[in-house]
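Open the model in your viewer and keep the selection panel handy. We will begin at a single residue pair and work outward from there.

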Amino acid sequence: MKFVAVREFDDYITAHIIKGRLLEEDIVCHLENEHSSSLRPFRSHLFGGIKLMVPEVQAERAIEL
């Protein structure tokens, strides 16, 4: 299963709220770079922020929500 990034976040709180909303809609997802960005929040842009990853087949539905 190929995962794609559908959104990027600067803070982990917002990322977890959106992730929870997608999980409620039965969309498989995970956060990438979460730990790197939370350990050094002022440098999260160096890692591209926290990326919300979903399967490619569910990406369109995830973006709609």
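Start by selecting H30 and M53: M53, in β3, is the bridge partner of H30. Before moving on, note that this is a predicted model, where local features need pLDDT of at least 70, side-chain atom pairs count only at pLDDT 80 or more, and totals for chains, interfaces and linings use all residues. Residues are numbered from 1 along each chain as its sequence is written, and side-chain values use heavy atoms, leaving out hydrogens and water.

Now widen the selection to β3, residues 50-55, together with β2; three bridges join these antiparallel strands. Strands here are DSSP E runs of at least two residues, helices are H or I runs of at least four, and both are numbered from the N terminus. Two strands count as paired if DSSP finds at least two bridges between them.

Next, bring in the whole sheet. This open, three-stranded sheet has the order β1-β3-β2 with antiparallel pairing. At its edges lie β1 (3-9) and β2 (30-32), each paired on one side only. Neighbouring strands are turned by 35° against each other on average, direction ignored. Then add helix α1, residues 12-24, which packs on the sheet and touches β1, β2 and β3 (contact: heavy atoms within 4.5 Å). The direction of α1 makes about 15° with that of β3 (axes are lines fitted to C-alpha atoms, for helices over the stretch in contact, with angles from 0 to 180 degrees between N-to-C directions).

Finally, show everything: along the sequence, the protein follows the pattern β-α-β-α-β-α. Colour by burial, and 28% of the 65 residues are buried (under 20% relative accessible area, 1.4 Å probe, protein chains only).

Technical notes
Buried means under 20% relative accessible area, exposed over 50%, partly exposed in between (1.4 Å probe, protein chains only).
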